[in-house]
Amino acid sequence: MNGLFGLPSGNIQDSAAGLVILQDRKPQGTYGGTPVASAWTVHTLNTKLYDSGDYCSLADNKFTMVPGIWEIEAYFIGVQTYESKGRLYDANDLQVLVWTNGDTAHGTSEYSGHNVTCSIFGVFANASSKAI
């Protein structure tokens, strides 16, 4: 999973001073997990690839953003699945902050699994620096 966070002063391209890139990185050949239809699969954010201004810290699969309103753009791939959904979930306050754009990504056939790319676009606010 890749995540881009940008300050609300403009879009990602013109607010590069407020850009954070987080990733779920695994060694080559490592599977990302086995999704279960009735449960959410957790993508482990373990790499802070870029932070233009010390806006974010990352530890134990939780990130802490400085207070503010943030745009999120995130992607993940569902492998051999018919449909996938994604969300940014605040495990501390037990609430969904942002859902998958378009709600559900579908493969091409209900009976044969295909790879689907899910995208999450949205805005979330945090009044204080807390781990999400």
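**Charged and aromatic side-chain contacts**

Asp51 and Lys48 are joined by a salt bridge in which the closest N and O atoms lie 3.2 Å apart. The model in which this contact appears is predicted. Lys48 has a relative accessibility of 37% and is therefore classed as partly exposed, since that category covers the range between the 20% limit for buried residues and the 50% limit for exposed ones.

The structure contains two salt bridges. Besides the contact of Asp51 with Lys48, there is one between Asp24 and Lys26, with 2.6 Å between the closest N and O atoms. The partners in this bridge fall into separate classes of accessibility: Asp24 is buried, at a relative accessible area of 15%, whereas Lys26 is partly exposed, at 34%. The assignment of Asp24 follows because its 15% falls under the 20% cut-off for a buried residue.

Attention may now turn to the aromatic side chains. A pair of aromatic rings is described by two quantities, the distance of the centres and the angle of the planes. The structure has three aromatic pairs. One of them is formed by Trp40 and Trp99, whose ring centres are 5.8 Å apart and whose planes meet at 50°, so the pair is classed as tilted. This pair links distant parts of the chain, 59 residues apart: Trp40 belongs to the loop between β2 (19–23) and β3 (47–51), while Trp99 belongs to strand β9 (residues 95–99). Trp40 is partly exposed at 39% relative accessibility, and Trp99 is likewise partly exposed, at 42%.

Another pair consists of Tyr75 and Phe121. The centres of these rings are 5.8 Å apart and the planes stand at 85°, so the arrangement is edge-to-face; the angle exceeds the 60 degrees over which that description applies. Tyr75 is found in strand β6 (residues 68–81) and Phe121 in strand β11 (residues 114–126), so the contact ties together parts of the chain separated by 46 residues in sequence. Tyr75 has a relative accessible area of 31%, which places this residue in the partly exposed class. Phe121 is also partly exposed, with a value of 35%.

A further contact brings a charged side chain and an aromatic ring together. Arg87 lies over the face of Tyr89, at 4.5 Å from the ring centre. Thus the charged residues described here include Asp24 and Lys26, joined by a salt bridge, and Arg87, placed over an aromatic ring.

Note on methods:
Residues numbered from 1 in each chain as written. Predicted model: local features only at pLDDT ≥ 70, side-chain atom pairs only at ≥ 80, totals over all residues. Heavy atoms only, no water. Salt bridge = Lys/Arg side-chain N within 4 Å of Asp/Glu carboxyl O. Buried < 20%, exposed > 50% of the residue type's maximum accessible area, 1.4 Å probe, protein only. Phe/Tyr/Trp six-rings, centres within 6.5 Å; stacked < 30°, edge-to-face > 60°. Helix = DSSP H or I, 4+ residues; strand = E, 2+ residues; numbered from the N terminus. Lys NZ or Arg CZ within 6 Å of the ring centre and 35° of its normal.
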